[in-house]
Amino acid sequence: MPLFDDARFLMDRRQLLGTAAAAGFAGSLPGMARAAASPSGLDTSNWTPEYIGGIAGTLDVDTTAECAKVVPLSTKGHLTYWYVGPNQASPDIDHKIDAEFWVAFAKTYPNITVERQNLDYNQMLNKVRTAALGNAAPMVAKFPILWGVEFAAKGQLSQLKPEDVGYPVDEFWPGALKSVMWKGKSYGVPTNNETMGLIWNAALFQAAGLDPEKPPATWDDLVVYSKQIKDKTGKNGYGMVARTNAGNTPFRFMPQLWAYGGEAFDEAEANPTYKTVNLNNSGSKAALQASYDMYVRDRSVPMSALTNTQNENQDPFISGQLGMMISHPLEYSVMLDRTAKATGDDKKIAEGVVANMRYGLVPKGPARRAVVFGGSNVHIFDPKVVDGKLDMEAARAFVAFSTGPEWSTKLAWTNSNPGNLRGFRTKWMKERLATIKFLNVTTSMLPSGIPFPVIPETSEVMNIIVPDMLQNVLTKKMTVSAAADDAAKKAKVLLSGL
Amino acid sequence: MSGTAAASRKRLVSREPGVLARMVRHRADYLYVAPALGVMLLVIGYPIYDTIYLSFFNTPPSLALEDKTFVGVDNYIRILTSDAFLEVTVNTLIWTAFSTFFAFVLGLGAALALDKQFVGRGLLRGILLIPYVISAVAAAYIWRWLYHTDFGVIGAIAVAAGLTDRPINFLDNTETSLGSLIVVNVWKEFSFAMIMMLAGLQTVPEQLHRAAQVDGAGVFQRFWHITMPHLKGVTLVTVLLLLVSNLNSFTIPWIMTAGGPAGSTDIWITAIYQLAFERIRFGISSAYSVIVFIVMMSMGYFYVRALTRRDGARYG
Amino acid sequence: MKSRGSRGWGIVRVAFLAVLTLFTLLPMVWMLLTSLKTQFAASQYPPEWWPKNVTFEQYSLLLSPATETGRDFLRYMFNSVWVSLASTVLGVIVAVPAAYAFSRFRFPGRQLLFYSVLLRNMFPAVVFLMPLFILMRWLHLVNTEFSLILTYLTFGLPLSIWLLKGFYDNIPAQLEQAARMDGATRFQAFFQIVMPLSSPGIIATAIYSFILAWNEYLYALVFLNDKSKLTLPVGLQRFFTEYTTNWPGLMAASFITSVPVVVLFLILQKYFVRALTEGAVKA
């Protein structure tokens with residue numbers, strides 16, 4: 001039984017690239033279409049699973065030598081570093097790679113001592129904000145793509161561009177580089193880039209009378225599929241997430257909104273200015289209506305969606321209670337990890353789920369196929385907010401070491417892709433492609449990635465205004481139109497500086 | 001020692017002038033209260049000053065705190081004229097009033113039921129106190145799991161008992177969310193009221209009850225005419241302590257629903273937290289805090305009166 | 001007639017207590033049952049009323065020093081014990097002399113200061129988070145347990161001072177007077193006469209402060225970053241991570257977190273009731 005319908009997938013890819021070119025889509029990631037012979041040696045205009053498979057393993061990297069050119073290996077220094085590292089729920093391999101990374105860094109720069117804090121994803125943003133306000137920030141921190149600009153705007157970050165740590169600009173996705181820019185200056189280096197895919201349970205599809213190997217092609221189809229799964233099997237169809245004050249919500253709703261032609265500002269355009277608000281355009285309203293249809297009309301999604309974060313969808317999915325959801329390739333490694341640890345009846349269930357897991361592209365809509373261009377960047381804080389004295393050399397050494405092709409690939413092992421594009425050519429990428437099934441799906445979604453607006457107000461728009469809009473519709477507190485207009489009004493007030 | 005106290009009382013009575021002189025004479029007394037007051041001043045004094053100061057500034061998320069702009073009372077006007085404030089205030093009043101009322105009634109009922117010797121009384125009292133002593137974080141997670149719309153046990157029991165044909169939507173529904181949270185809050189704190197009222201009941205003289213019983217007074221009459229008058233003081237204290245703690249609740253609403261869905265469980269404190277920490281507006285969140293302070297302080301008069309009634313009787 | 005009436009009330013009373021006990025206990029029972037299920041079994045609808053395959057894996061994971069999770073959890077527990085004990089002990093040391101002075105001495109400003117102590121509880125914790133963080137930073141206490149100890153200490157003070165003052169008000173001054181006539185210093189008189197008489201009050205306020213500190217979440221979340229310094233309520237939250245919710249694990253952790261305070265309270269509750277009766281209620 002083919003786990004993935006390659007022929008259909010490919011056709012879809014070509015179609016997408018065709019449409020994308022026609023619609024000037026490539027413009028949303030400027031530079032994607034040019035650069036056949038960039039320093040990274042990559043041709044990003046031809047980004048297919050075959051191409052990615054073909055280049056993997058073609059480049060040998062000497063991280064130590066590359067770092068030595070930036071900061072001498074004998075440098076003495078001290079570094080404080082905060083990041084979201086592996087935790088209780090992470091698969092074992094993440095713990096292993098994290099440990100290896102610190103050993104390797106200590107070997108490369110034996111005279112730099114590191115004081116590191118592994119923080120919880122849901123707590124980190126507030127912690128960094130508080131720390132920066134109280135002049136207690138670390139020297140270096142790695143955090144999700146969306147957060148950096150707020151600190152840059154407040155003058156709490158040091159300027160930092162890839163060249164400062166020895167890497168040419170072309171080695172990074174243009175969309176990723178855009179996320180570290182504020183008022184024309186660069187404040188960070190991309191460490192990893194990720195996009196999600198659609199994951200579904202083939203057994204539930206089968207039970208619902210759907211083709212188990214074929215994901216919904218469009219968001220309209222997804223609504224139909226979700227209802228069919230609910231009606232035929234009694235299980236929930238699509239894993240909607242609509243909790244307020246939660247970052248998971250926009251990562252799942254914005255792709256749908258963009259697909260229907262909606263936008264928060266003009267972030268899906270070629271050269272966004274983030275000056276106009278489009279939350280109440282017809283595309284945004286169509287996306288809201290589709291969510292309303294699933295939650296209120298069909299009741300085909302978890303009714304706990306309004307209090308759920310994505311966390312709460314994972315367990316139902318892997319216990320066969322949920323048909324589809326938008327997620328990382330990580331889900332698959334988590335599942336493998338659990339299967340390995342499960343015993344008795346649970347082992348059988350787990351093995352069944354692994355056999356039935358399928359990954360495909362996020363559905364497209366009338367306007368485009370879209371996904372959030374996510375990932376993380378590494379930043380150096382401004383000396384005035386750092387706890388103690390900023391050791392710039394140690395900081396640069398660390399950034400150079402961790403954003404090179406080797407470690408940007410390894411650290412992104414289970415759920416992401418290297419920020420440094422040369423990483424795609426390494427042997428480690430080849431190993432990942434061989435061992436992490438479905439990695440090619442999310443890798444192929446990268447060109448459909450739309451970065452969140454790079455303005456300090458974004459986290460409020462995405463984590464509060466958008467989820468509130470969705471909740472106003474799903475609770476029937478407001479009509480679709482009224483909720484969209486209400487959200488647009490709030491976003492406009494926000495842009496006016498209040 | 002008591003000589004000193006008596007002497008000082010005499011001086012008080014004679015209204016000897018010169019507060020400063022008296023303070024100097026009593027300088028040693030202040031040493032006793034200095035550590036307590038010092039640490040309070042540190043932990044409360046500066047934050048109050050800072051909150052009031054910041055409430056007159058606009059601090060948009062795009063600017064560092066140093067670059068704030070003075071806006072006078074704009075923040076106050078914006079809060080008081082916004083629709084959301086009205087909604088949040090109504091939620092806060094419902095939350096506080098119903099939580100306090102039900103916690104008190106259940107607590108009083110439990111105290112009356114327990115105010116009699118029987119085997120296992122201590123254990124039962126201890127069991128009823130469990131929700132009060134466990135952490136609010138744990139309580140919030142336990143109840144989120146009980147209420148869970150898809151896997152929750154309460155919904156499943158209702159379905160199994162034939163009460164509904166599908167699981168009840170407790171937390172994901174604007175009509176039931178606030179009520180569901182109030183149940184959790186009452187569960188968490190009714191035994192505080194119980195233990196206070198139990199203590200109060202022990203001060204009711206047994207003879208009075210017996211005398212009334214002999215006179216043929218019924219259970220309810222005895223409760224109303226003998227027990228209740230003795231419980232007036234402790235009732236006031238208990239209700240005020242409950243009101244204050246309910247107005248200040250944060251953990252249960254925040255962990256369970258984060259103010260959602262669609263703002264239906266947003267109360268003052270969660271709104272302030274959201275403004276300050278999710279939306280990074282310290283200026284407007286400080287103004288919001290000051291408004292809440294003012295409400296609290298106006299209650300504070302009754303609160304202090306209730307706690308110090310005894311003093312009034314003794315020295316007043 | 002009379003006895004029938006009280007029998008009727010007796011039935012109402014038993015029924016009421018039974019319902020209340022179920023209301024109190026059933027959520028705890030479900031927590032315990034969930035904690036004994038596997039993650040797969042926990043996400044079933046309708047739920048398994050009784051776990052088919054009882055497993056203690058969450059408990060062994062949390063309490064085993066051999067795994068990283070276990071080491072973290074045991075560390076959180078140790079930190080919670082240390083922070084709660086320290087703030088309780090310091091709280092008592094600070095509260096006892098203050099309560100004694102408010103009861104016995106007649107210094108100017110006594111009433112005003114006493115009122116301001118009581119008002120402390122009226123300020124919502126959330127409001128003070130940011131300014132207190134800046135203050136702690138200024139005192140070089142951020143990311144140290146002492147920042148929490150200092151803050152928690154003040155939570156318990158209003159009730160402690162109020163309760164203890166009630167106790168001292170009820171202890172006749174003549175007792176100390178007699179001791180001092182026998183040659184004891186004021187300090188000795190206090191320790192030998194007043195302290196023993198007020199010990200139920202001290203125990204009660206200590207339990208109260210301990211529980212407040214043990215359960216506090218918000219300040220612990222903001223003041224501490226270092227993973228090795230976190231306390232249990234914040235550690236509990238780490239079970240909700242970006243990708244997974246482990247409900248059985250969360251319930252097991254909630255259970256373990258609750259055990260120490262519940263046991264402590266079950267053992268010492270009689271002091272609590274007695275202290276409230278003598279210190280706070282009796283006029």
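This is a friendly dialogue about reading a predicted model with chains A, B and C.

Reader: Let's start with chain A. What does its secondary structure come to?

Author: Chain A has 20 helices and 14 strands. Its C-alpha trace spans about 65 × 55 × 45 Å along the principal axes.

Reader: How do I read a radius of gyration, and what is it for chain A?

Author: The idea is to set the value beside the one a compact globule would have. For 498 residues that would be near 23 Å, and chain A has 22 Å, which agrees. Burial can be read alongside: 61% of the 498 residues in chain A are buried. You can also ask how far along the sequence contacts reach. Among contacts in chain A with a separation of 6 or more, 78% are between residues 24 or more positions apart.

Reader: Which domains is chain A divided into?

Author: There are two pieces of sequence to each. Domain 1 takes 58-195 + 373-450, and domain 2 takes 197-370 + 457-495. Their C-alpha centres lie 28 Å apart. In the contact between them, domain 1 of chain A supplies 19 residues and domain 2 of chain A supplies 20 residues.

Reader: On the domain 1 side, which element gives the most?

Author: That is α18(A), with 4 residues. Both α4 (92-108) and α18 (439-445) of chain A supply at least two residues each to that side. By class, the domain 1 side has 10 nonpolar, 5 polar and 4 charged residues.

Reader: Now a single helix, please. How should I read burial along one, and which residues of α11 of chain A are buried?

Author: An α-helix has 3.6 residues a turn, so residues three or four places apart point the same way. With that in mind, look at helix α11 (residues 282-297) of chain A. Its buried residues are G283(A), S284(A), K285(A), A286(A), A287(A), L288(A), A290(A), S291(A), M294(A) and Y295(A).

Reader: What covers those buried residues of α11(A)?

Author: The cover includes the helices α9 (219-233), α10 (248-259), α19 (458-474) and α20 (480-495) of chain A, along with the strand β8 (236-238). After α11(A) comes R299(A), with a positive phi near 50°.

Reader: Can we try a loop residue? Where is P216(A) found?

Author: P216(A) sits in the loop between α8 (202-207) and α9 of chain A.

Reader: Is P216(A) buried or exposed?

Author: For this you count C-beta neighbours. P216(A) has 23 of them inside 10 Å, so P216(A) counts as buried. Leaving out residues up to four places away in sequence, P216(A) touches D221(A), L222(A), Y225(A) and P363(A). Sequence distance and spatial distance are separate things to read: P216(A) and K364(A) are 148 residues apart in sequence, with their C-alpha atoms 9.0 Å apart in space.

Reader: On to chain C. Why is chain C described as more spread out than a compact globule?

Author: Use the comparison we made for chain A. For 283 residues the globule rule gives 19 Å, but the radius of gyration of chain C is 24 Å, well over that value, so chain C is more spread out than a compact globule. Chain C has 13 helices and 0 strands, and its C-alpha atoms fill a box of roughly 75 × 70 × 35 Å along the principal axes. Of its 283 residues, 54% count as buried. Among contacts in chain C between residues at least 6 apart in sequence, 75% join residues at least 24 apart.

Reader: How do I read an interface, and how many residues do chain B and chain C give to theirs?

Author: Begin with the residues on each side, then look at elements and classes. Chain B gives 84 residues and chain C gives 92 residues. On the chain B side, helix α3 (residues 27-54) of chain B gives the most, with 15 residues. That side divides into 60 nonpolar, 17 polar and 7 charged residues.

Reader: How many residues of chain B are in contact with chain A?

Author: Here 25 residues of chain B are in contact with 29 residues of chain A. Helix α13 (residues 268-278) of chain B provides the largest share of the chain B side, 3 residues. The classes on that side are 11 nonpolar, 10 polar and 4 charged.

Reader: Last one: which residues have the most contacts inside the largest nonpolar core?

Author: They are A193(B), I195(B), M197(B), I272(B) and I161(C), in a core of 323 residues. Helix α9 (residues 177-201) of chain B supplies its largest share, 16 residues. Setting aside neighbours within four places in sequence, I195(B) is in contact with L129(B), F272(C), V273(C) and L276(C).

Terms used:
Residues numbered from 1 in each chain as written. Chains lettered and ligands numbered in written order. Predicted model: local features only at pLDDT ≥ 70, side-chain atom pairs only at ≥ 80, totals over all residues. Contact = placed C-beta atoms within 7 Å. Nonpolar A, V, L, I, M, F, W, Y, C, P; charged D, E, K, R; others polar. Domains from an automatic or database assignment. Buried ≥ 20, exposed ≤ 12 C-beta atoms within 10 Å, placed from the backbone. Rg over C-alpha atoms; globule rule 2.2 N^0.38 Å. Core = buried A, V, L, I, M, F, W, Y, C linked by C-beta atoms within 7 Å.
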